[in-house]
Amino acid sequence: MPDALIVGATGLIGRAVIERFGSNPVTVLARREVEGLAAQQKPLVAPPERWADIIAAEKPAVLICCLGTTIRQAGSQAAFRAVDHDLVLAAARGARAGGTPHMISVSSVGAAAKSGNFYLRTKGETEDDLRALGFDRLDLIRPGLLRGDRPGPQRLGEGIATIAAPLTDALLHGSFRRYRSISGATVAAAIVALAGQGGSGVHIHENDAIRALAD
């Protein structure tokens, strides 16, 4: 397993990625201390405005980005974009400055720069800007509704969607399968599998591909 650095370690997928790394070393960069790290997992705590320089100095072989929030959590569209676009790009630019060849970034199903939906448009613009940085390999993870225990109170809409997921998943077939729910642990397993892969190019992974990687 190549040296990896993860940002966004305190969310549903980030925590699952750290757990999935097991005995493999990984550097965890966060704005506050992350509890429960294993001895071989290196913690770095710094404000986000320093992350790009720290990542560049660390020179990881793989940057794993699990950053993500919601407009409700962030408080405004501008604050949401500051995390899901600006901070993601800052981390990626730091990685490129340090010579990192491979980035894995969690996006969203339906991400598209020309979407009429602000959330999906921001995700799509972030994907496009990551492509432009010229990583040797870029893996874009586009899961559907995420299932799992999130830190903090559960959002009402997500709670209802999660309860309804078994029914709605059964109704989604063909090209709509990408919108089925998926567990954060499955996404994390796919990310760790991708971290150990070589190769080049830009690769988009939606639900079925994510599950295949996790198996």
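Which residue just after α2 takes a positive phi? In this predicted model, select Lys-59, whose phi is about 55° and which comes just after α2.

From there, step back into helix α2 itself, residues 51-58, and display the side chains of Trp-51, Ile-54, Ile-55 and Ala-56, which are buried. To see what covers these buried residues, add the elements that include strands β1 (4-7), β2 (26-30), β3 (41-45) and β4 (62-65), together with helix α4 (77-97).

Next, select strand β6, residues 137-141, where 5 of the 5 residues are buried. In a regular strand the side chains alternate between the two faces of the sheet. Looking along β6, one finds Arg-137, Asp-139 and Ile-141 pointing one way, while Leu-138 and Leu-140 point the other way. Adding β5 (102-106) shows a parallel pairing with β6 over 5 bridges, in which Met-103 has Leu-138 as its bridge partner. Strand β9, residues 201-205, also pairs with β6 in the parallel sense, over 5 bridges, and here Leu-138 stands opposite Val-202. Including α5 completes the right-handed β-α-β unit made by β5, α5 and β6.

Finally, turn to the cavity: a search of the whole structure finds 1 of 30 Å³ or more, and the largest cavity has a volume of about 60 Å³. Helix α5 (118-132), α4 and β5 each supply at least two residues of its lining, with α5 giving the most, 4 residues. Among the lining residues to select are Asp-84, Val-88, Ser-105, Lys-123, Glu-127 and Leu-140, and the lining as a whole divides into 5 nonpolar, 3 polar and 3 charged residues.

How values were computed:
Residues numbered from 1 in each chain as written. Predicted model: local features only at pLDDT ≥ 70, side-chain atom pairs only at ≥ 80, totals over all residues. Heavy atoms only, no water. Buried < 20%, exposed > 50% of the residue type's maximum accessible area, 1.4 Å probe, protein only. Contact = heavy atoms within 4.5 Å. 1 Å grid on protein atoms, 1.4 Å probe; cavity = no way out; pocket = protein on both sides within 12 Å on 5 of 7 lines; lining within 4 Å. Points joined across faces, edges and corners; volume = space filled by probe spheres on them. Nonpolar A, V, L, I, M, F, W, Y, C, P; charged D, E, K, R; others polar. Pairing = 2+ DSSP bridges. Right-handed = clockwise from strand over helix to strand, strands pointing away.
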